[in-house]
Amino acid sequence: MPIRLLSSEVASQIAAGEVIERPASVVKELLENSLDAGARSVMIAVEEAGKKLIEVADDGAGIPSDELELAVSRHATSKLVRSTDLFSISTLGFRGEALASIGSVSRMTITSRVQNEQEGARLRVEGGTAGKLTRVGTTVGTTVRVEDLFYNVPARLKFLKSDTTERRATDSLVTRYALAYPGKRFKLSDGKNVVLQTSGDGDRRAILAALYGVDVARQLLEIQAQEEGFGISGFISPTSLTRSNRKEITFFINGRWVHDVSLNSALLQAYHTLLMVGRFPLTALFLEIPSEEVDVNVHPAKAEVRFRSPDKVFSFVQRSVRRALLAYSPVPNVAPSLWGSTRTLPMEQPRNAGLDWAIGHDEQLPGGSSQSSVDSRKSEIGNRESEVGDRQSSIENRKSEIASIPLLRLIGQIGATYLVAEGPDGLYLIDQHAAHERILFEKLMTQHEMKNIPSQALLTPAVVTIPPQSANLLITNLPILQHFGFDVEEFGPNTFQVRAMPALFMGSDPSAALRALVEDFEEDESPLQSEIEAKLAARVCKRMAVKAGQALSTEEQRAWLNDLEACDSPRTCPHGRPTMIHLSVDMLERQFGRRGAR
Ligand code: ADP
Ligand code: MG
């Protein structure tokens, strides 16, 4: 084929592909334009997850009617003149591509009016072709209406995920921008429902509550630090509040949401040794960095940036977060090793006693009795979240491999965290939390297999508010919850009522159970119902299991040993961590020099 210039239509569709990938990208570009225009209020309406309609209306400066046609052409911007300006950008947009891109892959209508004009103007662009400018009466500001996104690029449409996923991407985008701009009013509605509405009164915690629920919002720690022209503010989770993935780590740089691997790792380093392996913090951090220190022009959708001195940014973030964490919850330095080392608790720290035991356990106790197994076990734990499904489905095969445990004689509880028991072949140290998790899980799964999970009504139903993204997923998954003995129903927008829960969990907090169920709810993750169910069961059992640091009566301890002996896989918790450490008679004898060379 001879070389030809692409038609402008094809060229602009190719270019649009880089900027506009899914409905949420449209929302992002339009939102950013509204913010750049100095809007105080931004209203976003979405229908059919944005495939049918996305409308963003603002009360910003507006576009003069004689510039409207220019605004929708490629490389037309009011935000940049010289290429040197690229290194001191203070607006969110600067590429002059968004409106042109959106217009080339949808039917777009822009209506806008500026203060000093009597009337506004309207322009319609369909598949990249602009129609005639018309005059309309309208208020100051801009409304962009995007219909039938990708109607002329069917291949793109096919790449879109389910409506729930696309909707969630938009929800989480808007919520994050609302969080970054607490002084602006945002309203996101989806069909008839208002998904998010903020007051613009500057209160970030209220927005966090909308995003994560009141409980989580209350626990988040506020951080604020300043150093040599760099600033950081926002919220981080205490070490007791974690997620199984990095999705709730949010960074904004100079008002722009960015995804940056090095910022993530700076953050994780700040949490190093404070979180269990495979757990991640929730954060919403807002960095202010002198604009000449950041290059924002490295990514078509402006989601990535480059730093002039990456190390400086990295250590600033790492240091500020670490300092804040330690200030809020000084975690003592303990290095518990198996036996023989003394554990020192700082003097005035009884509150954290349970916590550091748990940390010590996860970070440092070897899985078996040999030190060399630590590393392999760590990497195993690292992968375990993704493997829970596999693990469950392979439980059957593994039953035969995993030796059951012998009858145990209870000796007692130590550190309100471990049970000590004697068996015919030595001493057993049992992690009460992991063991309880295993016991609950097997009971629940057995009842589930027999399709008979006894459910018990709550005297006072628990009312739980859940972030909008999770709420949608919860609604689609209500039938599964019913299988598991939960009676949950919608109670209001993003609010649910738990009316009954599995009898197995009676006495535990029903709202914690529901939150455990919806945390990390991922619809696209696993196609198999049975895997989803096993995963949910494992998660809720983990949350319901007794924590480290809780004293148990002798009867309870004994009952648990019996229950554990009855388990099919008593030696690991459903997430694959060991429930017990066995110190064999043989090993004890060797350690005490009773055996071998004397
Ligand atoms: P960019 O934001 O990179 O400049 P866009 O294609 O997103 O490019 O927008 C082109 C121009 O249209 C902007 O530079 C701005 O002047 C104008 N514009 C777009 N949206 C709005 C809005 N909501 N309010 C006021 N002006 C707008
Ligand atoms: Mg823009």
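**Exercise 1. Describe the make-up of the shell of residues around ligand 1 in this predicted model.**

Solution. Begin by sorting the shell by residue type: in this predicted model, the residues around ligand 1 divide into seven nonpolar, eight polar and four charged. Next, pick out the residues that come nearest, which, of the 19 around ligand 1, are Asn33, Thr77, Ser78, Lys79 and Gly96. Then turn to the pocket, where ligand 1 sits in the second largest one. Finally, ask which elements give two or more residues to the shell, and you will find helix 2 (23–36) and helix 4 (98–104).

**Exercise 2. Find polar atoms of the protein that lie within 3.5 Å of an oxygen atom of ligand 1, and state how much of the ligand is covered.**

Solution. Start with the side chains: a polar side-chain atom of Asn33 lies 2.8 Å from an oxygen atom of ligand 1, and an N or O atom in the side chain of Lys79 is 2.7 Å from an oxygen atom of the ligand. Continue with the backbone, where a polar atom of Ala98 is 3.2 Å from an oxygen atom of ligand 1. To finish, consider the accessible area that ligand 1 has on its own, which is 530 Å², and note that the protein covers 92% of it.

**Exercise 3. Identify the side chain that meets Lys79 in a salt bridge, and locate both residues.**

Solution. Recall that side chains of opposite charge can pair when their charged atoms come close. Here the partner is Asp36, with 2.8 Å from N to O. Now place the two residues: Asp36 is in helix 2, whereas Lys79 is in the loop between helix 3 (68–71) and helix 4, so that the pair, 43 residues apart, links distant parts of the chain. A search of the whole structure finds 27 salt bridges.

Definitions and conventions:
Residues are numbered from 1 along each chain as its sequence is written. Chains are lettered from A and ligands numbered from 1 in the order in which they are written. This is a predicted model: local features need pLDDT of at least 70, side-chain atom pairs count only at pLDDT 80 or more; totals for chains, interfaces and linings use all residues. Side-chain values use heavy atoms; hydrogens and water are left out. A residue is near a molecule or strand if one of its heavy atoms lies within 4 Å of it. A polar contact is a pair of N or O atoms within 3.5 Å; within protein, one must be able to donate a hydrogen and the other to accept it, and residues adjacent in sequence count only if both atoms are side-chain atoms. Accessible areas come from the Shrake-Rupley method with a 1.4 Å probe; for residues, only the protein chains shown count as cover. On a 1 Å grid over the protein atoms alone, a cavity is a set of points where a 1.4 Å probe fits but cannot get out, and a pocket is an open set with protein on both sides within 12 Å along at least five of seven lines; lining residues have an atom within 4 Å of a point. A molecule sits in a cavity or pocket if more than half of its atoms lie within 2 Å of its grid points. Helices (H or I, at least four residues) and strands (E, at least two) are DSSP runs, numbered from the N terminus. Ala, Val, Leu, Ile, Met, Phe, Trp, Tyr, Cys and Pro count as nonpolar, Asp, Glu, Lys and Arg as charged, and the others, Gly among them, as polar. A salt bridge is a side-chain nitrogen of Lys or Arg within 4 Å of a carboxyl oxygen of Asp or Glu.
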